[in-house]
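User: I would like to go through this structure with you and ask, for each label, what justifies it. Please set every value against its cut-off.

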Amino acid sequence: MFLYLNYPSWIHPEIIPGFGILRWYGLMYLVAFAVAFILFRRQAKEGLLGEKVSDDDIYGFFWWGIVGLILGARIFSTLVYEPTGKYWRAPWLIFWPFDENMRWTGLQGMSYHGGFIGGVLGVLLWCIKHKKNFFKWGDALAVAIPLGYGFGRLGNFLNGELYGRVTTNPLGMVFPQAEKFSISLPWVQEVMEKIGMNVPEGQILVNLPRHPSQLYEALFEGLILWLLLWFIFRKRKPFDGFLIGLYTIGYGTVRFFIEYLRAPDADIGYRIAVTQNPSTELFESFGNISTGQILCFLMIVLGIAYEVVLYFLYKKKILK
(Lines give C-alpha, C1' and ligand atoms only; values in the text may rest on other atoms or scores of the structure.)
Protein backbone atom coordinates (compact mmCIF):
# COMPACT_ATOMS: atom_id res chain seq x y z
CA MET A 1 0.00 0.00 0.00
CA PHE A 2 1.39 3.37 -1.05
CA LEU A 3 1.34 5.96 1.76
CA TYR A 4 1.07 8.98 -0.52
CA LEU A 5 -1.08 10.52 -3.24
CA ASN A 6 -0.30 11.43 -6.83
CA TYR A 7 -1.17 14.87 -8.15
CA PRO A 8 -4.36 14.38 -10.24
CA SER A 9 -3.33 13.72 -13.83
CA TRP A 10 -6.45 15.42 -15.19
CA ILE A 11 -5.46 18.81 -13.77
CA HIS A 12 -3.66 21.07 -16.22
CA PRO A 13 -2.53 24.67 -15.55
CA GLU A 14 -4.23 25.82 -18.75
CA ILE A 15 -8.01 26.01 -18.92
CA ILE A 16 -7.66 24.98 -22.57
CA PRO A 17 -4.59 22.69 -22.85
CA GLY A 18 -1.98 24.22 -25.11
CA PHE A 19 -3.45 27.72 -24.79
CA GLY A 20 -1.19 29.14 -22.10
CA ILE A 21 -2.75 32.60 -21.76
CA LEU A 22 -5.92 31.23 -20.12
CA ARG A 23 -4.86 29.52 -16.89
CA TRP A 24 -6.79 28.26 -13.88
CA TYR A 25 -4.41 30.27 -11.68
CA GLY A 26 -5.60 33.58 -13.14
CA LEU A 27 -9.24 32.50 -13.12
CA MET A 28 -9.08 31.55 -9.44
CA TYR A 29 -7.73 35.00 -8.56
CA LEU A 30 -10.58 36.61 -10.47
CA VAL A 31 -12.96 34.43 -8.44
CA ALA A 32 -11.13 35.52 -5.27
CA PHE A 33 -11.69 39.20 -6.05
CA ALA A 34 -15.34 38.53 -6.96
CA VAL A 35 -16.02 36.65 -3.70
CA ALA A 36 -14.44 39.41 -1.59
CA PHE A 37 -16.45 42.02 -3.51
CA ILE A 38 -19.76 40.19 -2.99
CA LEU A 39 -19.14 39.75 0.75
CA PHE A 40 -18.10 43.38 1.14
CA ARG A 41 -21.14 44.62 -0.80
CA ARG A 42 -23.43 42.53 1.38
CA GLN A 43 -22.07 44.22 4.49
CA ALA A 44 -22.57 47.61 2.89
CA LYS A 45 -26.21 46.73 2.18
CA GLU A 46 -26.59 45.62 5.81
CA GLY A 47 -25.53 49.09 6.93
CA LEU A 48 -22.32 47.97 8.61
CA LEU A 49 -20.38 50.85 7.07
CA GLY A 50 -22.45 53.34 9.05
CA GLU A 51 -23.67 55.25 5.99
CA LYS A 52 -25.48 54.79 2.74
CA VAL A 53 -23.00 53.49 0.18
CA SER A 54 -23.35 53.52 -3.60
CA ASP A 55 -22.05 50.81 -5.89
CA ASP A 56 -19.74 53.41 -7.45
CA ASP A 57 -18.13 53.90 -4.04
CA ILE A 58 -17.59 50.16 -3.65
CA TYR A 59 -16.16 49.82 -7.16
CA GLY A 60 -13.78 52.71 -6.53
CA PHE A 61 -12.74 51.34 -3.14
CA PHE A 62 -11.99 47.91 -4.59
CA TRP A 63 -10.22 49.32 -7.65
CA TRP A 64 -7.79 51.29 -5.52
CA GLY A 65 -7.26 48.26 -3.29
CA ILE A 66 -6.63 45.88 -6.21
CA VAL A 67 -4.21 48.25 -7.92
CA GLY A 68 -2.33 48.74 -4.65
CA LEU A 69 -2.31 44.98 -4.04
CA ILE A 70 -0.87 44.17 -7.49
CA LEU A 71 1.76 46.90 -7.29
CA GLY A 72 2.80 45.93 -3.76
CA ALA A 73 2.80 42.19 -4.47
CA ARG A 74 4.95 42.53 -7.57
CA ILE A 75 7.41 45.09 -6.17
CA PHE A 76 7.86 43.15 -2.92
CA SER A 77 8.33 39.85 -4.74
CA THR A 78 11.01 41.18 -7.08
CA LEU A 79 12.93 43.25 -4.54
CA VAL A 80 12.73 40.90 -1.52
CA TYR A 81 12.53 37.37 -2.94
CA GLU A 82 14.75 37.65 -6.05
CA PRO A 83 18.22 36.66 -4.76
CA THR A 84 20.43 38.02 -7.55
CA GLY A 85 19.46 41.67 -7.10
CA LYS A 86 18.52 41.92 -10.78
CA TYR A 87 15.51 44.14 -10.13
CA TRP A 88 17.42 46.46 -7.83
CA ARG A 89 19.87 47.06 -10.68
CA ALA A 90 17.16 47.32 -13.34
CA PRO A 91 13.87 48.32 -11.63
CA TRP A 92 12.18 48.96 -14.99
CA LEU A 93 12.05 45.18 -15.43
CA ILE A 94 9.70 44.77 -12.45
CA PHE A 95 6.66 45.23 -14.67
CA TRP A 96 8.23 43.98 -17.93
CA PRO A 97 6.24 40.86 -18.99
CA PHE A 98 8.74 39.43 -21.50
CA ASP A 99 11.90 37.37 -21.13
CA GLU A 100 15.28 38.02 -22.79
CA ASN A 101 13.99 36.49 -26.05
CA MET A 102 10.87 38.70 -26.02
CA ARG A 103 8.63 35.75 -25.22
CA TRP A 104 5.56 36.53 -23.13
CA THR A 105 6.01 35.37 -19.54
CA GLY A 106 3.55 37.60 -17.69
CA LEU A 107 4.39 38.95 -14.26
CA GLN A 108 5.61 35.76 -12.60
CA GLY A 109 6.11 36.20 -8.89
CA MET A 110 3.78 37.89 -6.43
CA SER A 111 4.23 38.32 -2.68
CA TYR A 112 1.29 38.13 -0.29
CA HIS A 113 2.98 40.43 2.24
CA GLY A 114 3.73 43.02 -0.41
CA GLY A 115 0.16 42.75 -1.65
CA PHE A 116 -1.09 43.23 1.90
CA ILE A 117 0.92 46.44 2.33
CA GLY A 118 -0.02 47.75 -1.10
CA GLY A 119 -3.70 46.89 -0.67
CA VAL A 120 -3.90 48.63 2.73
CA LEU A 121 -2.25 51.74 1.33
CA GLY A 122 -4.57 51.71 -1.68
CA VAL A 123 -7.82 51.58 0.30
CA LEU A 124 -6.45 54.00 2.91
CA LEU A 125 -5.70 56.60 0.23
CA TRP A 126 -9.15 56.07 -1.28
CA CYS A 127 -10.83 56.58 2.10
CA ILE A 128 -8.81 59.76 2.73
CA LYS A 129 -9.62 61.11 -0.74
CA HIS A 130 -13.35 60.40 -0.38
CA LYS A 131 -13.56 61.22 3.35
CA LYS A 132 -14.75 57.76 4.37
CA ASN A 133 -14.20 56.03 7.71
CA PHE A 134 -11.20 53.81 6.97
CA PHE A 135 -11.72 51.70 10.09
CA LYS A 136 -15.33 50.77 9.22
CA TRP A 137 -14.52 50.13 5.56
CA GLY A 138 -11.35 48.26 6.47
CA ASP A 139 -13.20 46.01 8.91
CA ALA A 140 -15.72 45.06 6.23
CA LEU A 141 -12.89 44.26 3.84
CA ALA A 142 -10.91 42.28 6.44
CA VAL A 143 -13.74 39.79 6.99
CA ALA A 144 -14.36 39.46 3.24
CA ILE A 145 -10.77 38.76 2.17
CA PRO A 146 -10.06 35.30 3.68
CA LEU A 147 -12.71 33.38 1.77
CA GLY A 148 -11.57 34.96 -1.49
CA TYR A 149 -7.95 34.29 -0.56
CA GLY A 150 -8.76 30.60 -0.26
CA PHE A 151 -9.64 30.52 -3.96
CA GLY A 152 -6.30 32.14 -4.71
CA ARG A 153 -4.50 29.28 -2.97
CA LEU A 154 -6.60 26.79 -4.92
CA GLY A 155 -5.23 28.54 -7.99
CA ASN A 156 -1.71 27.79 -6.76
CA PHE A 157 -2.66 24.13 -6.35
CA LEU A 158 -4.13 23.96 -9.86
CA ASN A 159 -0.94 25.57 -11.14
CA GLY A 160 1.09 22.84 -9.39
CA GLU A 161 3.22 25.39 -7.51
CA LEU A 162 4.05 26.52 -3.96
CA TYR A 163 3.99 22.92 -2.77
CA GLY A 164 5.36 21.94 0.61
CA ARG A 165 8.33 20.04 1.93
CA VAL A 166 8.97 16.33 1.46
CA THR A 167 6.87 14.25 3.84
CA THR A 168 6.01 10.66 4.75
CA ASN A 169 2.53 11.75 5.84
CA PRO A 170 -0.25 9.85 4.01
CA LEU A 171 -1.52 13.22 2.75
CA GLY A 172 1.77 13.76 0.96
CA MET A 173 1.36 14.35 -2.77
CA VAL A 174 3.75 13.89 -5.69
CA PHE A 175 3.74 17.11 -7.75
CA PRO A 176 4.95 16.60 -11.34
CA GLN A 177 6.93 19.86 -11.47
CA ALA A 178 8.71 19.36 -8.13
CA GLU A 179 12.45 18.83 -7.91
CA LYS A 180 13.64 15.22 -8.24
CA PHE A 181 16.31 13.72 -5.98
CA SER A 182 19.01 11.12 -6.42
CA ILE A 183 18.01 7.69 -5.17
CA SER A 184 21.53 7.27 -3.83
CA LEU A 185 20.94 9.81 -1.05
CA PRO A 186 20.36 8.11 2.33
CA TRP A 187 17.51 10.40 3.36
CA VAL A 188 15.76 9.79 0.03
CA GLN A 189 16.02 6.03 0.53
CA GLU A 190 14.60 6.41 4.05
CA VAL A 191 11.61 8.37 2.79
CA MET A 192 10.97 5.88 -0.02
CA GLU A 193 11.06 2.96 2.42
CA LYS A 194 8.61 4.62 4.80
CA ILE A 195 6.03 5.33 2.11
CA GLY A 196 6.50 2.10 0.15
CA MET A 197 7.69 3.83 -3.02
CA ASN A 198 9.40 1.71 -5.65
CA VAL A 199 10.97 2.93 -8.89
CA PRO A 200 11.85 1.10 -12.13
CA GLU A 201 15.30 -0.47 -12.29
CA GLY A 202 17.89 1.92 -13.67
CA GLN A 203 16.05 5.06 -12.59
CA ILE A 204 18.39 7.42 -10.73
CA LEU A 205 16.06 10.29 -9.82
CA VAL A 206 12.79 10.17 -7.89
CA ASN A 207 10.00 12.65 -7.26
CA LEU A 208 9.02 12.40 -3.59
CA PRO A 209 5.64 13.30 -2.05
CA ARG A 210 5.28 16.72 -0.46
CA HIS A 211 2.80 18.48 1.76
CA PRO A 212 0.01 20.00 -0.38
CA SER A 213 0.58 23.24 1.52
CA GLN A 214 -1.54 25.23 -0.91
CA LEU A 215 -4.57 23.26 0.30
CA TYR A 216 -3.56 23.72 3.95
CA GLU A 217 -3.43 27.47 3.36
CA ALA A 218 -6.74 27.49 1.48
CA LEU A 219 -8.35 25.70 4.44
CA PHE A 220 -6.80 27.50 7.43
CA GLU A 221 -5.87 30.95 6.09
CA GLY A 222 -8.94 30.96 3.91
CA LEU A 223 -12.05 29.07 4.98
CA ILE A 224 -11.48 28.67 8.74
CA LEU A 225 -10.18 32.22 9.29
CA TRP A 226 -13.15 33.54 7.32
CA LEU A 227 -15.65 31.49 9.36
CA LEU A 228 -14.21 32.88 12.61
CA LEU A 229 -14.20 36.49 11.44
CA TRP A 230 -17.56 36.38 9.67
CA PHE A 231 -19.70 34.42 12.11
CA ILE A 232 -18.08 35.16 15.47
CA PHE A 233 -16.45 38.59 15.39
CA ARG A 234 -18.07 40.52 12.54
CA LYS A 235 -20.99 41.89 14.57
CA ARG A 236 -19.29 41.70 17.96
CA LYS A 237 -16.29 43.96 17.43
CA PRO A 238 -15.53 46.24 20.42
CA PHE A 239 -14.55 49.19 18.22
CA ASP A 240 -14.14 50.14 14.57
CA GLY A 241 -10.88 48.93 13.12
CA PHE A 242 -10.69 45.93 15.44
CA LEU A 243 -11.27 43.40 12.66
CA ILE A 244 -8.40 44.80 10.58
CA GLY A 245 -6.00 43.98 13.41
CA LEU A 246 -7.63 40.64 14.14
CA TYR A 247 -7.28 39.55 10.52
CA THR A 248 -3.63 40.66 10.50
CA ILE A 249 -2.84 38.71 13.66
CA GLY A 250 -4.88 35.67 12.60
CA TYR A 251 -3.37 35.38 9.15
CA GLY A 252 0.16 35.98 10.42
CA THR A 253 -0.20 33.30 13.10
CA VAL A 254 -1.67 30.61 10.86
CA ARG A 255 0.74 31.28 7.99
CA PHE A 256 3.73 31.30 10.38
CA PHE A 257 3.09 27.68 11.39
CA ILE A 258 2.10 26.45 7.93
CA GLU A 259 5.45 27.79 6.69
CA TYR A 260 7.08 24.91 8.58
CA LEU A 261 5.39 22.59 6.07
CA ARG A 262 5.82 24.80 3.02
CA ALA A 263 9.12 24.64 1.13
CA PRO A 264 11.03 27.93 1.34
CA ASP A 265 12.70 29.29 -1.78
CA ALA A 266 15.75 27.09 -2.32
CA ASP A 267 17.82 30.00 -3.65
CA ILE A 268 17.11 32.02 -0.49
CA GLY A 269 16.87 29.29 2.13
CA TYR A 270 16.39 30.32 5.74
CA ARG A 271 17.01 33.77 7.16
CA ILE A 272 17.60 32.17 10.58
CA ALA A 273 18.93 28.61 10.97
CA VAL A 274 19.91 26.59 14.04
CA THR A 275 20.97 23.45 12.18
CA GLN A 276 24.12 23.08 10.13
CA ASN A 277 23.57 23.00 6.37
CA PRO A 278 19.78 23.05 6.82
CA SER A 279 17.69 21.35 4.17
CA THR A 280 14.91 23.36 2.52
CA GLU A 281 13.23 20.09 1.50
CA LEU A 282 12.74 18.57 4.96
CA PHE A 283 11.47 19.87 8.28
CA GLU A 284 14.40 19.67 10.69
CA SER A 285 13.85 22.26 13.42
CA PHE A 286 11.40 24.91 14.57
CA GLY A 287 14.46 27.17 14.81
CA ASN A 288 14.92 27.28 11.03
CA ILE A 289 13.00 30.39 10.03
CA SER A 290 12.12 31.43 6.48
CA THR A 291 11.60 34.88 5.01
CA GLY A 292 7.84 34.33 5.03
CA GLN A 293 7.90 33.50 8.74
CA ILE A 294 9.81 36.67 9.59
CA LEU A 295 7.24 38.71 7.67
CA CYS A 296 4.39 36.83 9.40
CA PHE A 297 5.97 37.49 12.79
CA LEU A 298 6.10 41.19 11.95
CA MET A 299 2.42 41.02 10.97
CA ILE A 300 1.57 39.54 14.37
CA VAL A 301 3.59 42.13 16.30
CA LEU A 302 2.28 45.07 14.28
CA GLY A 303 -1.28 43.71 14.50
CA ILE A 304 -1.09 43.50 18.30
CA ALA A 305 0.50 46.96 18.54
CA TYR A 306 -2.22 48.35 16.24
CA GLU A 307 -4.99 46.89 18.41
CA VAL A 308 -3.47 48.28 21.62
CA VAL A 309 -2.99 51.77 20.18
CA LEU A 310 -6.47 51.81 18.69
CA TYR A 311 -7.99 50.66 21.98
CA PHE A 312 -6.40 53.55 23.90
CA LEU A 313 -7.33 56.06 21.20
CA TYR A 314 -10.98 55.04 21.59
CA LYS A 315 -10.73 54.89 25.37
CA LYS A 316 -9.40 58.47 25.52
CA LYS A 317 -12.06 59.47 22.99
CA ILE A 318 -9.47 60.66 20.49
CA LEU A 319 -11.29 58.40 18.04
CA LYS A 320 -15.07 58.06 18.15
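Analyst: L223 is a good place to begin: at 37% relative accessibility L223 counts as partly exposed, because buried means under 20% relative accessible area, exposed over 50%, and partly exposed in between (1.4 Å probe, protein chains only). This is a predicted model, in which local features need pLDDT of at least 70 and side-chain atom pairs count only at pLDDT 80 or more, while totals for chains, interfaces and linings use all residues. Residues are numbered from 1 along each chain as its sequence is written, and side-chain values use heavy atoms, with hydrogens and water left out.

User: What makes the nonpolar surface patch that includes L223 a patch?

Analyst: A patch is made of residues with over 30% relative accessible area and no salt bridge, nonpolar side chains (Val, Leu, Ile, Met, Phe, Trp, Tyr) being joined within 5 Å and like charges within 9 Å. L223, which lies in helix 8 (residues 213-233), is one of the residues that make a patch of about 720 Å², together with others including F220, L227 and F231. Accessible areas come from the Shrake-Rupley method with a 1.4 Å probe, and for residues only the protein chains shown count as cover.

User: Why is the pair R210 and E281 called a salt bridge?

Analyst: The term requires a side-chain nitrogen of Lys or Arg within 4 Å of a carboxyl oxygen of Asp or Glu, and the side chains of R210 and E281 meet at 2.7 Å, N to O, so the pair qualifies. R210 lies in the loop between strand 4 (205-206) and helix 8, and E281 in the loop between strand 5 (270-272) and strand 6 (289-290), so the salt bridge ties together parts that are 71 residues apart in sequence. Helices (H or I, at least four residues) and strands (E, at least two) are DSSP runs, numbered from the N terminus.

User: Are R210 and E281 buried or exposed?

Analyst: R210 is buried, with a relative accessible area of 1%, and E281 is buried as well, with 10%.

User: How do you know which label fits E46 and R42, and what distance separates their closest N and O atoms?

Analyst: E46 counts as partly exposed at 33% relative accessibility, and R42 counts as partly exposed at 45%. Their closest N and O atoms are 3.1 Å apart, and E46 forms a salt bridge with R42.

User: How many salt bridges does a search of the whole structure find?

Analyst: The search finds 16 salt bridges.
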